[in-house]
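Open your viewer and get ready to make a few selections. We will go from the ligand outward, then on to another stop.

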Amino acid sequence: MKYSRIAEAYEKIEATTKRLEMTDYLVELLNESRTDLIEKIVYLTQGKLYPDFVGIEIGIAEKLALRAVAKASGYSEKAIEKDLQKTGDLGETTQKFMNKKAQSTFFSTPLTVQRVYETLDKIANSTGSGSVDLKLSLLAGLLSDANPSEAKYIVRTVTGSLRLGIADMTVLDGLAIAFGGGKETRIQLERAYNISSDLGRVAKVVANQGLEGIEKFKVMPGEPIRPMLAERLSSSEDILEKLGGKCIAEYKYDGERVQAHKMGDKVVLFSRRLENITEQYPDGVEYIRNHVKAKEAIIEAEAVAVDAQTGEMKPFQELMHRRRKYGIQQAMQEHPITLFVFEVLYVDGNDLTYEPYPIRHEQLKHVIDETKHIQVAQSIVATNPEQLEQFFEKTVEGGSEGIMCKSTNDDSVYQAGARGWLWIKYKRDYRTEMTDTVDLVVVGALHGRGKRAGTYGTFLLAAYNPDEDIFETVTKVGTGFTDADLQKLPELLNKHRISHKHSRVNSMLDMDVWFEPSVVIEIRGAEMTLSPVHTCAMNVIREDSGVAIRFPRFTGKYRIDKAAEDATTTEEVIEMYRSQLKKIDG
Ligand code: ATP
């Protein structure tokens with residue numbers, strides 16, 4: 001097939017915004033092409049040469065492409081650059097200059113799809129010294145033989161700006177109509193795509209073997225499966241009702257989703273977006289290689305950063321240390337991970353994605369040889385809301401984001417690439433509504449400005465921690481004070497003013513003025529939140545976070561009946577935070 005046929009289809013597709021018309025043009029193109037070319041055509045229409053997970057990009061910088069256009073058209077780089085500034089699209093500029101050239105010369109050998117694909121592939125695969133020159137001459141060679149429209153699309157393809165707007169679903173529609181027997185067969189093709197993430201392979205199979213081939217489509221180690229996703233609900237009752245009165249509830253770990261493919265000694269890791277992230281987790285690779293008891297397997301896990309000393313879970317952000325090319329060995333030592341495995345999709349020739357979850361869950365327990373660094377996600381079987389609620393609270397205390405509730409019904413297959421009600425997440429939000437008031441100790445203040453000049457503007461408040469006999473900050477308050485209050489407070493407080501932070505006050509914040517803990521005032525807040533800057537309940541709910549009160553307001557009550565040690569305690573603050581978690585909208 002000539003590449004000009006593809007360019008012609010692109011022109012038509014670009015001229016419409018209607019998805020149905022787009023699909024029609026695509027179907028025409030697919031119908032006309034030889035079946036052995038379908039795979040390549042599908043990749044090309046998406047501006048690619050391979051499925052994303054292979055990680056090969058054509059990636060030519062605009063500057064280099066411009067040089068190739070100059071070489072092929074015979075015009076100067078300057079002239080082309082000037083026009084590019086006007087059009088903002090190197091494709092369009094290329095077409096213009098190739099048009100001028102075409103008027104003065106004849107173009108030679110017509111381009112075939114095969115040649116374009118192979119040349120682009122060579123360009124994509126040339127690396128190392130001399131590769132820039134090689135890329136330049138390969139591209140210029142192609143452009144020299146291209147007509148103006150072809151040249152436009154080649155340039156857009158190599159610079160990653162093809163953008164025809166043909167989404168995956170449009171390609172699947174096109175394939176269903178062209179080879180599946182009708183649009184309604186898309187659903188089968190979609191399933192094949194979801195378990196392979198490879199539109200080209202789906203296209204090749206359906207073009208060569210029809211739907212029969214698609215029905216035999218199986219998951220394959222090495223090809224990432226598009227991830228199953230969860231819906232959300234915010235109460236245990238609703239979740240159990242939705243799941244038919246029973247579910248397997250699991251810890252919802254806060255890390256990075258990893259899909260691990262074990263193929264003998266070789267292990268490949270894919271991210272949630274199906275990028276190959278094997279290099280980032282050499283330790284993860286080892287855990288899979290040595291502790292997944294199968295020759296071949298596909299499993300899913302959450303990689304969670306853990307404390308090197310204590311083994312405690314750390315927040316997701318800690319994994320950022322792994323996002324680098326160099327120094328991974330050091331990052332591995334300083335920021336170790338544990339893999340919490342929650343799915344098994346394939347074991348030694350068996351595609352498990354059609355099995356209901358209880359069966360996959362059993363398999364999971366068999367196939368993982370648990371160690372400190374690779375564990376099956378903690379779970380319970382829940383049949384009543386109280387059980388679920390208790391588990392939820394326990395997990396939140398343990399540093400999890402909440403729980404994942406999974407269907408145990410017969411239809412609880414692995415729904416690749418879909419968000420559905422077979423998985424329901426019940427998440428802790430970090431904020432919750434506060435209804436009760438608290439009595440807090442004034443431990444510091446900032447000078448007032450403007451209307452409040454000469455008095456205090458903001459007060460730092462603390463709860464009492466009787467275990468350690470210290471005062472831990474929970475909020476700063478500046479609202480709810482009348483003018484009379486603002487006069488009265490210095491009177492009350494200045495007796496206790498000291499030149500430095502009091503030794504029994506634990507604060508990470510800096511204040512203009514410090515007080516000996518003694519004055520207690522009543523506060524109502526709008527919500528409670530986790531905070532890295534307040535010291536109350538630090539590390540209790542979550543590593544490196546305390547609990548804070550947001551939008552606090554003075555109620556007008558001075559608790560002169562209370563000594564500082566009678567203030568609301570840290571324990572009470574934690575209790576309030578937890579009890580109100582139940583009301584959150586996850
Ligand atoms: P989504 O992935 O649903 O689009 P998101 O990216 O905001 O949303 P979350 O809402 O936090 O993620 O929830 C889904 C993610 O939770 C999964 O993709 C997975 O990475 C993670 N996760 C942690 N523990 C589990 C578990 N036990 N089972 C399934 N997923 C889990």
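Here is a short tour of the ligand, its shell and the largest pocket.

Before you start, note that this is a predicted model, in which local features need pLDDT of at least 70, side-chain atom pairs count only at pLDDT 80 or more, and totals for chains, interfaces and linings use all residues. Residues are numbered from 1 along each chain as its sequence is written, and side-chain values use heavy atoms, with hydrogens and water left out.

**Stop 1: the ligand shell.** Select the ligand and the residues near it (a heavy atom within 4 Å). You should find 16 residues around the ligand, the closest being Lys 252, Arg 272, Glu 302, Arg 419 and Lys 425. Colour them by class: 10 are charged, 6 are nonpolar and none is polar. Here Asp, Glu, Lys and Arg count as charged, Ala, Val, Leu, Ile, Met, Phe, Trp, Tyr, Cys and Pro as nonpolar, and the others, Gly among them, as polar.

**Stop 2: polar contacts.** Next, show N or O pairs within 3.5 Å. Lys 425 places a polar side-chain atom 2.5 Å from a ligand oxygen, and Glu 302 has one 2.6 Å from an oxygen atom of the ligand. At Tyr 253, a polar backbone atom is 3.0 Å from a ligand nitrogen. The ligand taken alone exposes 610 Å², and the protein buries 83% of that (Shrake-Rupley, 1.4 Å probe).

**Stop 3: the strands.** Switch to cartoon view. Which strand gives the largest share of the shell around the ligand? That is S11, with 4 residues. Strands S2 (247-252), S10 (402-407) and S11 (419-427) each supply at least two shell residues; strands are DSSP runs of E, at least two residues long.

**Stop 4: the largest pocket.** Finally, select Gln 46, Gly 47, Lys 48, Asp 52 and Glu 57, which lie nearest the centre of the largest pocket among its 30 lining residues. By class, this lining has 11 nonpolar, 11 polar and 8 charged residues.

Note on methods:
A polar contact is a pair of N or O atoms within 3.5 Å; within protein, one must be able to donate a hydrogen and the other to accept it, and residues adjacent in sequence count only if both atoms are side-chain atoms. On a 1 Å grid over the protein atoms alone, a cavity is a set of points where a 1.4 Å probe fits but cannot get out, and a pocket is an open set with protein on both sides within 12 Å along at least five of seven lines; lining residues have an atom within 4 Å of a point.
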